[in-house]
Amino acid sequence: MTISNLKLRLLNRLHAAGQPASAIGIDLGTTKSCLAVAKYDPKANTLDCQCVEFERPDGTRNLAVPSAVAQVGGRRLFGAAALAQRSAPGLCANRDWFYEAKNLIGLRYTYKDAPAGLGNAGEVAAALIGHLHEEARLPQTVLPPLVVTVPASFHAAQREATISAAERGSGLPIRSGKVRLLDEPYAAFVDLKFREPARADALLREGANVLVFDFGGGTCDVAIFRVDTVRGGTLGARLVGTSRYHRLGGGDIDRAIVHDVLVPQLLKQHGLKDFDVTWDTRTNELEGQLLDVAERLKRALSTRLADYFGANTAPAPELSVASVDLDVTCEGRRLAFARPSLDVAAFDKLLVPFLDPEPVPEAGDEFVLRNSIFAPILQALTRAKLEREDLHGVLLCGSSSLMAPVQKALRKFLPKADHVLLGTPDDLQAAVARGAALQALSLQVLGQPIVAPVCSSAVSLKLAEGAAEMCRAGDAVPGAAVEPILLRPPHARHARGVDIAVEVLTDGKRLVGRSLWHLPPPVRADERLELTWSMDENQCIELHLARPDDARTESFVKRFDAPLMHRDLSQLVRCRALEREERLRRDEIPHARLGDEYEQHAWDCASLGEYQKALYYLSLALQELGESDYRLNLRGIWRQRIGDRDGARDSYERAGNWSTAKFNLALLHHRNGQYDEALREIRAAIDKDGGERAYRVLHGDILDKLGDRDTARSHWQDALDGQLNLKALDDFALAWLEGAANKLGHESLLKRIKERRRKITLRVAAGSQQGELPVLYDDPGRAQDEVAA
């Protein structure tokens with residue numbers, strides 16, 4: 001069916017059956033979840049789809065339930081009641097209350113001290129889905145399948161964990177196929193078509209490139225689709241690029257308000273300095289108590305800004321909103337917090353990194369990740385091989401898309417595209433769940449989906465020459481090989497076997513999966529190998545390779561985990577840190593290694609810009625390993641990064657036996673304008689080890705500030721003299737030499753240094769080839785039966 005007659009087709013089939021019918025869809029969100037019911041009334045011959053309203057603790061009703069679960073005193077709480085426990089004294093995240101668990105679903109991560117039934121993100125999700133079912137009081141006419149939405153970028157393990165949680169939570173048989181998934185952008189398409197068919201037809205025209213911008217409370221999911229028709233007219237939205245930033249949402253803006261605005265206000269009211277409060281206190285005490293206040297202030301100010309921009313084009317005036325007085329617990333003390341407030345200037349300032357059209361790769365600190373909403377957009381455009389001008393439409397969904405500054409920034413970034421916002425705040429909140437419910441009803445009644453998933457990219461097996469195509473971009477999925485693809489070994493080998501390299505490519509060049517298949521000897525160059533494949537609706541591909549003429553050889557069977565999911569940039573350090581924190585919580589690290597693990601964890605935190613967290617773990621390392629010049633110097637560097645200059649100076653002075661600490665102390669004095677002290681320390685550093693080139697440059701910089709330009713130039717030149725092998729220097733040394741060359745006007749050398757630094761930045765380690773690639777089977781008589789060494 002075509003999506004343009006969606007409602008008519010469903011109504012005709014339902015009318016012919018003459019029976020009531022209902023199906024449900026769930027938007028299992030990071031911060032909020034919704035349940036929608038699509039139902040047919042045979043008496044009125046009407047088809048309706050609405051989200052269930054859930055009662056809040058204050059008696060009001062809301063379409064969305066906070067994705068929070070808590071266990072307090074033997075009672076299990078859900079939604080707003082659970083979320084309120086964030087500010088309760090003595091209760092801890094991931095022990096007593098659980099929030100944003102979706103970010104961890106499908107990962108090997110557990111909540112060590114959690115009560116039974118809430119030990120991991122999947123169990124939390126199952127409990128939440130069970131609560132939605134129970135509170136919704138669903139009609140008896142509701143039949144499977146249940147459709148649950150997931151981000152387009154979820155990989156197989158996350159999708160399987162979501163299905164498992166939905167089966168347990170809804171009481172459906174395990175692995176029965178009665179839970180189906182739908183990518184969130186697809187669900188938004190379906191809801192728009194059902195509610196506003198005219199706008200949908202204009203946006204979802206054949207051949208259009210549509211960007212779905214789902215900016216919610218906890219994530220920013222971007223997906224770019226090319227609209228096609230498949231299977232006799234069913235809408236096919238072919239995914240050509242997607243990116244998911246799982247810590248970029250309205251909740252991160254709330255955290256920014258807490259740590260950039262509210263905590264400084266609280267500290268100022270009590271005469272405290274910024275670094276008087278530790279990372280642990282900020283994150284585990286203050287943040288939870290102030291997040292609700294931050295969200296209320298954000299919403300209030302956003303509403304006032306939306307009203308203003310709706311009638312004006314000039315910059316917003318000095319608007320401000322304030323909350324009521326409250327008491328805050330901080331390290332065992334009760335602190336009065338008078339009228340927490342947020343004004344336009346502070347709001348605009350903290351939004352700058354979130355709305356930066358030229359985003360840096362990693363932004364933020366240990367309190368807030370401050371990635372730009374344009375980072376996933378640019379990444380998805382790159383993956384889709386599209387320019388901004390190639391986008392025909394933008395579909396905005398997710399609660400954070402309602403913020404006026406976000407909409408303004410998007411229109412400025414994509415001025416030629418048609419921007420469609422999914423209605424009122426309630427419409428926006430409920431859109432994805434409604435689309436899921438309609439998909440469920442279509443599967444139940446018609447036996448086919450409203451939106452058919454299609455293969456996003458051409459998928460092939462890499463060969464010694466070229467590639468063997470398996471699935472084309474735009475092909476309907478699930479799909480499978482009609483007949484085997486015939487291959488052969490690249491050469492014969494009588495004494496030893498051959499390891500066949502099995503490498504899966506997308507778009508003919510991007511390696512997305514690799515494995516090995518061993519062929520025992522003897523191996524002939526003319527023997528036939530058979531490749532078959534299948535791809536499921538989640539675009540995970542399973543390969544089968546067989547050697548039909550040799551019963552001794554074990555067939556190759558491997559499922560490549562979501563090779564086509566185009567996710568955000570590598571999060572290797574974050575994943576490593578997450579796994580280490582899990583081992584630390586579970587006491588799985590031997591005590592003899594504890595100090596080293598703390599120290600490495602501190603380094604990982606620092607590499608992510610989380611310096612207060614790094615200092616926290618470094619302090620634990622110092623307790624286990626003791627002080628050393630190296631660790632004291634490290635503490636000085638990170639204290640300096642958070643603005644604690646006194647603490648940095650103290651650390652450097654205590655590590656004074658090391659020339660590196662002397663250099664850093666000289667640099668600290670130099671930046672503070674204390675040039676005499678800086679000169680004393682840099683000379684002491686040079687006396688200790690003869691003076692590295694960077695030391696000599698800093699020596700010159702200090703003398704220049706003291707007015708001795710001629711001697712300063714001689715030190716800069718001294719740093720550049722001698723055998724200068726740029727390839728042997730790291731970026732730290734090159735940066736100092738670049739400064740010296742620039743001050744001396746050595747243009748040729750300056751150009752060489754900059755080029756070398758650029759190459760260091762772009763250096764990528766090449767992967768090594770493992771095994772030998774197969775060859776496409778041809779006439780056996782043409783195969784060369786040569787024996788390889």
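The expected span of a helix is 1.5 Å times one less than its number of residues. With that in hand, take a look at α4 in this predicted model. Helix α4 covers residues 156–170, 15 residues in total, and runs 21 Å from its first C-alpha to its last, close to the 21 Å expected.

What does α4 lean on? Its buried residues pack against one helix, α3 (121–136), and against the strands β10 (146–150), β11 (179–183) and β29 (556–560). The buried set is a mixed bag: A156, A161, A165 and A166 are in it, along with G169, but so are Q158, R159, T162, E167 and S170. Right after the helix comes G171, with a positive phi near 80 degrees.

Now for the nonpolar cores. The largest one has 78 residues, and F213 and F347 touch the most other members. If you'd like to see who sits around F347, leave out residues up to four places away in sequence and you get I253, I257, K298, L301, S302, L305, L342, M403 and P405. There's also a second, separate core of 53 residues, with A38, L47, A187 and L428 among them.

How far can you trust all this? The mean pLDDT of the protein is 84, and 90% of its residues reach 70 or more. Two stretches are worth flagging, though. Over residues 563–570 pLDDT stays under 50, and the model has 38 contacts there beyond four places in sequence. Residues 762–769 also stay under 50, with four such contacts. Where pLDDT is low, the predicted coordinates shouldn't be read in detail.

Methods
Residues are numbered from 1 along each chain as its sequence is written. This is a predicted model: local features need pLDDT of at least 70, side-chain atom pairs count only at pLDDT 80 or more; totals for chains, interfaces and linings use all residues. Side-chain values use heavy atoms; hydrogens and water are left out. Helices (H or I, at least four residues) and strands (E, at least two) are DSSP runs, numbered from the N terminus. Buried means under 20% relative accessible area, exposed over 50%, partly exposed in between (1.4 Å probe, protein chains only). Contact means heavy atoms within 4.5 Å. A nonpolar core is a set of buried Ala, Val, Leu, Ile, Met, Phe, Trp, Tyr and Cys residues joined through side-chain atoms within 4.5 Å. pLDDT is the predictor's confidence in each residue, from 0 to 100.
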